[in-house]
Amino acid sequence: MADISANGAPKPPQTRIQRRKREAILEAGLTIFSEAGFRGATLDRIASEAGLSKPNLLYYFASKDAIYDALLHGLLETWLDPLRALDPQGEPVDEILAYVRRKLEMARDFPRESRLFANEIIQGAPQMQAFLEGELRDLVDQTAAVIDGWVAEGRLAEVDARHLIFSIWAQTQHYADFDVQVRAVLGGQDFEGAARHLETLFGRMLKT
């Protein structure tokens with residue numbers, strides 16, 4: 001479906017240069033928002049990071065909120081994909097450990113996105129409250145039902161499904177959200193060591 005302009009007419013498709021500039025703005029916004037949070041970010045800083053003038057930036061996005069919303073909505077689908085990939089027909093421990101690995105890989109590959117999400121939550125989720133109470137809650141409920149079913153069948157050790165999911169989020173996203181602390185303590189990141197530790201930790205907890 002074509003984008004619609006304010007007067008109701010279809011917007012012309014963007015040129016390659018326009019797409020490139022829009023992507024540069026989103027990339028710059030991701031960097032600034034993940035570092036400074038929504039309140040600390042400014043259009044001037046984002047424009048400077050993108051290598052554009054502020055009026056040029058405003059041609060593509062009407063406000064700081066518009067850039068932030070575009071980044072959040074682009075992030076949410078990616079963030080939920082690993083949980084959706086959990087296979088109810090699979091081997092329970094293997095499925096959960098695969099989820100742990102995918103979440104840790106996301107912390108490694110998308111640290112700025114993780115910090116953007118964390119900053120939004122810390123600020124009280126002003127842009128994401130409806131998503132958290134709607135789509136995310138529904139997906140967690142569905143996943144918890146699968147895990148509860150595995151427990152009832154004796155295929156997993158007794159565990160609180162929702163708190164298990166929270167623990168996986170906390171222990172994988174830590175490596176992105178607290179990257180500076182991890183590097184200070186370890187002298188650098190160690191995702192391979194983290195993967196071995198978390199697989200051992202959750203594997204021992206979940207096996208019957």
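# An all-helix chain: packing and inner spaces

From the N terminus on, the elements of the protein run α-α-α-α-α-α-α-α-α-α. That makes for a count of 10 helices and zero strands. Please keep in mind that this is a predicted model. Along its principal axes, the C-alpha trace spans about 60 × 45 × 30 Å. Below is a friendly tour of three helix pairs, followed by a cavity and a pocket.

**Helix 4 with helix 6**

- Two packed helices are described by the angle between their axes and the distance between the axes.
- For helix 4 (residues 64-84) and helix 6 (residues 111-122), the angle is about 110 degrees and the axes lie 10 Å apart.
- Because angles of 65 to 115 degrees count as roughly perpendicular, helix 4 is roughly perpendicular to helix 6.
- The crossing of helix 4 and helix 6 is left-handed.
- On the helix 4 side, the contact is made by Tyr68, Leu71, Leu72, Leu75, Leu76 and Trp79.
- Helix 6 answers with Glu113, Ser114, Leu116, Phe117 and Glu120.
- By class, the residues of this contact between helix 4 and helix 6 are eight nonpolar, one polar and two charged.

**Helix 4 with helix 5**

- Helix 4 also packs on helix 5, at an angle of about 160 degrees and with the axes 9 Å apart.
- Angles over 145 degrees count as roughly antiparallel, and helix 4 and helix 5 are therefore roughly antiparallel to each other.
- The crossing of helix 4 and helix 5 is right-handed.
- Thr78, Trp79, Pro82 and Leu83 of helix 4 meet Tyr99, Arg102, Lys103 and Met106 of helix 5.
- Five nonpolar, one polar and two charged residues make up the contact of helix 4 with helix 5.
- Trp79 is worth finding on your screen: this residue of helix 4 takes part in the contact with helix 6 and also in the contact with helix 5.

**Helix 5 with helix 8**

- Helix 5 and helix 8 pack at an angle of about 30 degrees, and their axes are 8 Å apart.
- Since angles under 35 degrees count as roughly parallel, helix 5 is roughly parallel to helix 8.
- The crossing of helix 5 and helix 8 is right-handed.
- From helix 5, the residues in the contact are Ile96, Tyr99, Val100, Lys103, Leu104 and Ala107.
- Their partners in helix 8 are Leu164, Ile168, Trp169, Thr172, Gln173, Tyr175 and Ala176.
- The contact of helix 5 with helix 8 divides into 10 nonpolar, two polar and one charged.
- Tyr99 and Lys103 of helix 5 meet helix 8 here, and both also appear in the contact with helix 4.

**The cavity**

- The structure holds one cavity of 30 Å³ or more.
- The largest cavity has a volume of about 50 Å³.
- Its lining consists of Leu83, Leu86, Ile96, Tyr99, Thr143, Ile147, Leu164, Ile165 and Ile168.
- Two or more lining residues come from each of helix 5 (92-109), helix 7 (129-152) and helix 8 (161-177).
- Helix 8 gives the most to the lining of the largest cavity, with three residues.
- The lining of the largest cavity comprises eight nonpolar residues, one polar and no charged.
- Ile96, Tyr99, Leu164 and Ile168 belong to this lining and also to the contact of helix 5 with helix 8.

**The second largest pocket**

- The second largest pocket holds about 260 Å³ of space.
- Of the 15 residues that line the second largest pocket, Trp79, Phe117, Ile121, Trp169 and Gln173 lie nearest its centre.
- Helix 4, helix 5, helix 6, helix 7 and helix 8 each supply at least two residues of this pocket's lining.
- Helix 8 gives the most to the lining of the second largest pocket, with four residues.
- By class, the lining of the second largest pocket has 12 nonpolar, one polar and two charged residues.
- Several of these central residues were met above: Trp79 and Phe117 belong to the contact of helix 4 with helix 6, whereas Trp169 and Gln173 belong to the contact of helix 5 with helix 8.

Methods. Residues numbered from 1 in each chain as written. Predicted model: local features only at pLDDT ≥ 70, side-chain atom pairs only at ≥ 80, totals over all residues. Heavy atoms only, no water. Axes fitted to C-alpha atoms, helices over the stretch in contact; angles between N-to-C directions. Left-handed = near helix turned anticlockwise from the far one by under 90°. Contact = heavy atoms within 4.5 Å. Nonpolar A, V, L, I, M, F, W, Y, C, P; charged D, E, K, R; others polar. 1 Å grid on protein atoms, 1.4 Å probe; cavity = no way out; pocket = protein on both sides within 12 Å on 5 of 7 lines; lining within 4 Å. Points joined across faces, edges and corners; volume = space filled by probe spheres on them.
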